[in-house]
Amino acid sequence: MHVPPWYFLATCGAILLSPTQSRGTESPLAETLGVRRGIVCLVGLPEGGAAAVLDLARTTELTIYFQSPETAQVTSLRQLAAEADLLGRRIFAETGPAAELHLADNVADALVAGPSLGEALPESEALRVLHPQAVAHLNGRASVKAVPVGNDEWTHPFHGPDNNPQSTDATAKGRLRTQFLAEPKFSPMPEQSVIAGGRLYKALGHIAHKANQNDMLNTLLCINAWNGTILWRHPLPEGFMIHRNTMIATEDALYMGDAGSCKIYDGISGAIRDEIQVPEGLSDGPVWKWMGLRDGILYALVGNREVQVETLKSQRRGLGHWPWDVWKGHEFADPNTSFGFGRTLLAIDTKTKLPVWHYRDEAFLDARAICMNEDTIICYAPEKFLAGIDRLTGRLLWKNTDADLLGALGPNARAQHYITGYATTSYLKCDAERVYFAGPQREVMVVASARDGHLLWTHPTGNLQLVLRQDGVYAAGPQNTNGARLDYETGAVLGEFPARRACTRATGGVDSIFFRASGGTVRLMTGTNTAQHVAPMRPPCQDGVLISNGQFYWGPWMCGCQLSLYGNIACAPADEAPLEDAATLYRTALTTHGDGLQVATLEADPDDWLRYRGDDQRSDSTRRPLPETADLKWKTVTVKNDLPTAPVAAGGLVFTGDRTGRLRAWNADTGELVWQTLLSAAIWYPPAISQDRLFLGAADGKVHAFEAKTGRPLWSFRTGPRERLIPVFGRLVSSWPVAGGVAVAGDTVYAAAGITHYDGTFVVALDAATGRLKAANTSSGTLSSEVDNGISLQGNLSLQKGELQFLGGGVYETARYDLETLACRNEPVVQITSTYRTAFYTYYPEYGKYVSLSQTCRDGCVLTHDANYEGLYFNNLALEEPRTGAAPTPVKDAAGEFIRQQQNRRNAPAEKVPPRWQDRQDRRFTSFLFSKANDRLLAAGHPDGKQEEAFLVILDAKDGHDLWLEKLPVPAVTGGTAMDHAGRIFVTLENGELRCYRGVSP
């Protein structure tokens, strides 16, 4: 296929010419690719070999995926990348056939096949992993992936200038799969987004409700819409409230109006390549209030200066929740200063930047009530008139001041409340025949003619989020009611569907409507009028779910409303092919490496620390006594600038993994490295040791088995249905990662793979010696087909009460499986709400790192500490009196929300027996190790809000006093303490250190 010359300038150059500084002299391979930031796929070694791959990484900001059928190439590149601290961060190398690439569809920005593999890689497979308009370099020629026919773009904040948030994208339909999870994880308020040319533009506002939003205050982002890479960012002027229709995306640019001009940002570089200002004498001022674009003409409402909003930073910890009375000016009391009111409409030729026409009225027009169909700009002056302006000439076509119309419309109601929604939201939509008034500020829904403005019909509820579709007006909300499909001609109710929750707007795709559930997202399938539930995320507060270029976009969020995924998230249409039976699905899943039956003896002791947090029950306990005091014997660095796993220890060795893919064994006496093996996939949880073998789950979607004494690989097993890698917060991760580690019982290794229920959740039981599949569950991602909800993998695996368990997402707090058959024991729940919150340590370590404790001492007293998932609420460590048979066991959700409810709400617990003692130092904990032998507790933590004062402490559970305390440079990782049978204490820290302490005799 011929490559048009504009492609390299308009697409690949977006990264090359970005404001990012070069990391060095351009490599020849980078020149070929024309890409400097994003994801590239290298199939086989390019000219220059592995050195060329490293050079590409050093001189660009690319994430590089390398695949080769030659294991020696992969091993060599992993080693070189590890030495350069690039493995698992910027370079990911996997063994695989050239004809079947392991990347997911549409994620790569460029592809090069090495000289020896160009013929082996089919062009169709190369183009599959590339996004539209990206280039594959095969056999000396370049092939461009075409844009699918029927793709649509979300060019205006409400999709188009008609303010109807209804996409016509023919590709974005059917089942979902995760396309990427990316930064930013959280957004200030408000937020406004548009999409075109394969770029997602996000304007982030002036209010940070939590400290995690401060970095994005008043920021404009340009994001690769296919893989989530942030291409460039710019500061936005402070004082201008961005929640208005003054953003328009085109194939190569972003038009953004503010208080001084309309800036035209180059989509490639982010540079302001032009600026349009309001001509002198035409307006009350230079402020841009509303914009629409058709046929190369920019239409705008412009006018007087407004009340300026204040930038508000936050020092509050946690994920979300905010007050609603924080927007200066949101009351819209005076059109002379309120947001978005003006008296001049302009039409400007975007090529010449000269006015085509202007229209001025004596009354103030409300930018929230301006929209444009094919031939008319509809505008509204509250309580005065509704008017139509000819789009081509600016001539006033009609102005309606009829009493029945204005009486039906009435005054704007107050909004800016979590139930009603945002006062700044647009409340007028149009099509060729009608205009529709509905929104947070409307008491009654009003429909009028787009031809002359006369009143057509009303609906008694006004706070509706409308989506205009061929089969009717879909009106979502408000809370505690039903949504309705209304007839265009009469307003008659044609059907009902569930109400939306609160503030967030509804949006539409070709087969469904998306709106907020009580927790998560309701996806109303319009063909059947049935509601499905997307449990992990709710529509973001101002944007809703955006549908563009064949994909669906959620996030980032300002809140933590029953979510389990946070960030900038895209979903793509999933393969609709039925899932194969387990035997077929896993026919090629097992890979063996030599003799796995004969392994070297490790000489592990039953009192070694063989599993994460001690055992498969995650009990955080040992039968060994803890000393009164300890000395540091040695320390070493396991990984730089990344998180290690917690340690496990056995047979005189201590084992760690890390998020760059290194698995290492250290001499427990000296701290010397004994062996290491390199994956290019993150290891989130430490290995499990059993039968002289070491088992771990990784981000590549596989369970790996090694000879524990030597690190010799034994076998690996692909747990998901196929090899597919997607971008997850800057790294390449399987669409079905083994994200919760593994559990081992006897000769069986258990693992689960997946990200969300809609991707599918895959649970397997494997023979420990051979890796052979013993049982599988491939269906628990959908437990209730009626609402399409099911289990999401959201926590570490454990064995409890004869079951395999892990946190299961927003609907099913704990996922439960039979150990023999892996049949799911959760009863299907038919609901479109999420009840539970999660912050999975795997993806959100800063929030999922605090642990709770409940240990029964020898006298029956209970040592207890509770911490919630977002690191905001906790109860002090305490020793409670023995629980009698009559005393009810406290109900505690895994996320620790009960603590917030007790502290902040009126359902505080009833009076209870005071504890024998309670720690008064307000200490948080990331790891515990309790000795059942002498009722002592080893704990790693820090005083609340003071991570710089991290410590390791041994305390006496009988009276709570500290026996020994060691200051640490940074906190320990979650579950990051261990003790072997010889009494050696190991701890891994967030800075990558591994430390060993030995008890000291008093």
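**Exercise 1. Which elements do the buried residues of α3 pack against?**

Before solving it, a word on the model. It is a predicted one, where local features need pLDDT of at least 70, side-chain atom pairs count only at pLDDT 80 or more, and totals for chains, interfaces and linings use all residues. Residues are numbered from 1 along each chain as its sequence is written, and side-chain values use heavy atoms, with hydrogens and water left out.

Solution.
- Step 1: find the helix. α3 covers residues 49–59. Helices here are DSSP runs of H or I with at least four residues, strands are runs of E with at least two, and both are numbered from the N terminus.
- Step 2: check its cover. Eight of the 11 residues in α3 are buried, where buried means under 20% relative accessible area, exposed means over 50%, and partly exposed is in between (1.4 Å probe, protein chains only).
- Step 3: list them. The buried ones are G49, A50, A52, V53, L54, L56, A57 and T59.
- Step 4: look at what they meet. They pack against α2 (28–33), β1 (37–43), β2 (61–68), α4 (71–83) and β3 (91–95). Contact means heavy atoms within 4.5 Å.

**Exercise 2. Work out the strand order of the open six-stranded sheet and place two helices on it.**

Solution.
- Step 1: read off the order. The sheet runs β3-β2-β1-β4-β5-β6, with mixed pairing. Two strands pair if DSSP finds at least two bridges between them.
- Step 2: find the edges. β3 and β6 (141–144) each have a single partner strand, so one side of each is left without a neighbour in the sheet.
- Step 3: note the twist, which averages 15 degrees from one strand to the next. Angles run from 0 to 180 degrees between N-to-C directions, with axes fitted as lines to C-alpha atoms, for helices over the stretch in contact.
- Step 4: pick one pair. β1 and β2 run parallel and are joined by seven bridges; L42 has F66 in β2 as its bridge partner.
- Step 5: add the helices. α3 packs on the sheet, touching β1, β2 and β3, and its direction makes about 160 degrees with that of β2. α4 packs there too, touching β2 and β3, at about 160 degrees to β3.

**Exercise 3. Are the two faces of strand β50 covered or open?**

Solution.
- Step 1: recall the pattern. In a regular strand the side chains alternate between the two faces of the sheet.
- Step 2: apply it to residues 725–728. L725 and P727 sit on one side, I726 and V728 on the other, and all are buried, so both faces are covered.
- Step 3: find the partner. β50 runs antiparallel to β51 (residues 731–734), with four bridges between them, and I726 stands opposite V733.
- Step 4: inspect the turn. The hairpin has two residues between its strands, and F729 takes a positive phi near 50 degrees.

**Exercise 4. Hunt down some backbone oddities: two cis peptide bonds and two positive phi values.**

Solution.
- Step 1: the bond from E183 to P184 is cis, with omega near 0 degrees. P184 is in the loop between β7 (176–182) and β8 (189–196).
- Step 2: another cis bond joins M189 and P190, with omega about -5 degrees; P190 is in strand β8.
- Step 3: K353, which isn't a glycine, has a positive phi near 65 degrees. Its loop lies between β18 (341–349) and β19 (355–366), and K353 is partly exposed at 31% relative accessible area.
- Step 4: Q691 has a positive phi near 55 degrees. You'll find Q691 in the loop between β46 (688–690) and β47 (693–697), partly exposed at 36%.

**Exercise 5. Which residues does D747 touch, not counting those up to four places away in sequence?**

Solution.
- Step 1: locate D747 in the loop between β52 (742–745) and β53 (748–753). D747 is partly exposed, at 40%.
- Step 2: name the neighbours: Q691, L766, D767, A768 and K774.
- Step 3: take A768. It comes 21 residues away along the chain from D747, yet their C-alpha atoms are separated by 5.2 Å.
- Step 4: go to the side chains. D747 makes polar contacts with T748 (3.3 Å) and with K774 (3.2 Å). A polar contact is a pair of N or O atoms within 3.5 Å; within protein, one must be able to donate a hydrogen and the other to accept it, and residues adjacent in sequence count only if both atoms are side-chain atoms.
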